[in-house]
Amino acid sequence: MKQVVHFGAGNIGRGFIGALFSQSGYHVTFVDIAEKIIDQLNEKKQYQVKLATDQQESVTVENVSGLNSLNQEAEIIKAISEATYLTTAIGPNILPHIAPLMAKGLASRVKRTDEKLYVIACENQISATDLLEGYILQHLDQETKASLADKVYFFNSAVDRIVPLQNNEGSLDVLVEPYYEWVVETNESIPAVEGMTIVKELAPFIERKLFTVNTGHASIAYLGYLKDSKLTIDQSLEDEAIVEQVKKILGETGAYLIKQYGLDADEHQRYIEKIIARFKNAYLNDSVNRVGRSPLRKLGPNDRLVRPAVEAKKAGLTYSNLAKAIASALLFDFPEDEEAIKLQAMIKEKGVPAVLKEVSGLDENSEITKEVITHYNEMKK
Ligand SMILES: NC(=O)C1=CN([C@@H]2O[C@H](COP(=O)(O)OP(=O)(O)OC[C@H]3O[C@@H](n4cnc5c(N)ncnc54)[C@H](O)[C@@H]3O)[C@@H](O)[C@H]2O)C=CC1
Ligand SMILES: O=P(O)(O)OC[C@H]1O[C@](O)(CO)[C@@H](O)[C@@H]1O
């Protein structure tokens with residue numbers, strides 16, 4: 001049986017990428033640090049992926065097992081040497097931490113076989129696989145790096161499926177939205193995986209996805225949180241003012257995307273509407289706190305809020321509503337989110353302009369910073 005080693009047996013790992021590989025006839029070895037999940041994967045060897053619909057249709061995901069990256073290094077290295085794909089859905093910030101183990105796995109593999117291995121990071125981050133490759137290469141000597149050529153391939157990808165926090169402590173089953181899209185950038189002819197779309201150039205796909213789905217989702221989360229921190233995304237969208245604000249924000253990212261990639265304006269408008277309809281799925285019961293998680297990452301220069309504002313400004317387009325979204329992210333003070341705590345401490349200590357400089361790479365005197373501060377002061381009242 002063909003093998004995939006997938007780092008991160010969480011929501012996207014089990015509910016999306018692992019499920020597609022299993023359905024394509026692969027055995028999926030999940031690598032994680034969550035002991036309970038690993039034990040259950042090895043004990044039950046299967047789980048259900050349930051759709052967030054009226055009917056709650058479900059699919060059984062079989063041929064799965066788990067390994068612990070904290071204490072099963074030798075087993076993971078062996079599994080990497082036998083795999084066709086090596087994938088991750090672990091969070092962009094964790095990639096540097098798993099790179100040393102992946103490097104050991106690749107070094108061992110290329111000594112044992114010339115079979116091709118395809119590495120794909122499935123994270124909400126532009127060029128996540130390039131970043132992972134960079135981290136891995138830092139742990140390899142020149143000779144091993146050279147021996148990866150024509151044997152180990154790194155492909156960037158975009159992943160889109162809403163998988164909320166699961167309300168089923170102790171179960172491997174995952175509730176997911178029916179929609180999914182997994183786009184992988186390559187010119188190679190690679191082994192088929194059901195549900196994987198291959199493209200030669202990822203930029204239009206990942207930017208369209210990140211600056212529509214993720215910009216929209218994060219904006220609803222932050223605006224909803226400001227209204228009531230206990231809301232879910234669909235409840236936030238019961239407020240017409242939030243719907244209108246999000247449409248304006250996506251109008252700004254849309255204008256940039258249409259100009260940058262020559263998208264058809266009507267088609268893009270339909271894409272926006274389809275996405276807002278996905279956000280309204282009440283079965284997902286998706287909290288604004290989950291969707292707003294990790295605000296420091298989301299306020300990063302290349303992420304869903306700041307990059308489209310910077311690009312819109314460069315293109316001579318409006319960015320005022322994106323500035324409002326950035327301001328709402330700066331007000332995310334959820335006390336159970338480590339990055340939110342850090343963000344609020346930074347704002348208290350240094351003030352908003354210094355934080356925007358340090359976290360978002362925005363000059364303290366830039367027009368975008370000024371606009372964000374105006375919104376921030378208004379919204380804080
Ligand atoms: N949940 C969603 O709707 C979507 C998430 N994504 C992206 O997918 C990635 C994963 O997100 P989720 O699955 O939601 O997160 P998650 O928190 O459910 O899963 C992450 C998993 O990684 C594991 N992990 C953490 N550190 C580890 C380490 N050092 N070694 C091995 N395993 C480790 C955790 O134990 C957890 O099981 C993120 O980059 C996210 O942005 C992308 C599209 C949709
Ligand atoms: O860790 P992040 O970037 O919030 O990733 C999860 C996000 O990705 C999305 O699935 C969109 O693809 C949203 O559900 C969710 O907000």
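Domain bounds here come from an automatic or database domain assignment. The model is predicted. On that assignment, the protein chain splits into domain 1 (2-201) and domain 2 (204-380), and their C-alpha centres are 28 Å apart. Contact between the two involves 16 residues of domain 1 and 17 residues of domain 2. On the domain 1 side, the touching residues comprise 10 nonpolar, three polar and three charged.

Ligand 2 has a shell to which domain 1 (2-201) and domain 2 (204-380) each contribute at least three residues. The residues surrounding ligand 2 are Asn-124, Asp-160, Ile-162, Val-213, Asn-214, His-217, Val-291 and Arg-293. Helix 7 (residues 203-227) supplies the largest share of this shell, three residues.

Helix 7 also packs against helix 9 (residues 240-261), at an angle of about 165° and with the axes 10 Å apart. Because angles over 145 degrees count as roughly antiparallel, helix 7 is roughly antiparallel to helix 9. Their crossing is right-handed. Residues of helix 7 in this contact include Phe-211, Thr-215, Ile-220 and Leu-223, and among those of helix 9 are Val-246, Ile-249, Leu-250 and Tyr-261.

The table lists residue classes for the three sets.

| Set | Nonpolar | Polar | Charged |
|---|---|---|---|
| Side of domain 1 that touches domain 2 | 10 residues | three residues | three residues |
| Shell around ligand 2 | three residues | three residues | two residues |
| Contact of helix 7 with helix 9 | 10 residues | seven residues | two residues |

Conventions. Residues numbered from 1 in each chain as written. Chains lettered and ligands numbered in written order. Predicted model: local features only at pLDDT ≥ 70, side-chain atom pairs only at ≥ 80, totals over all residues. Contact = placed C-beta atoms within 7 Å. Nonpolar A, V, L, I, M, F, W, Y, C, P; charged D, E, K, R; others polar. Near = placed C-beta within 6 Å. Helix = DSSP H or I, 4+ residues; strand = E, 2+ residues; numbered from the N terminus. Axes fitted to C-alpha atoms, helices over the stretch in contact; angles between N-to-C directions. Parallel < 35°, antiparallel > 145°, perpendicular 65-115°, else oblique. Left-handed = near helix turned anticlockwise from the far one by under 90°.
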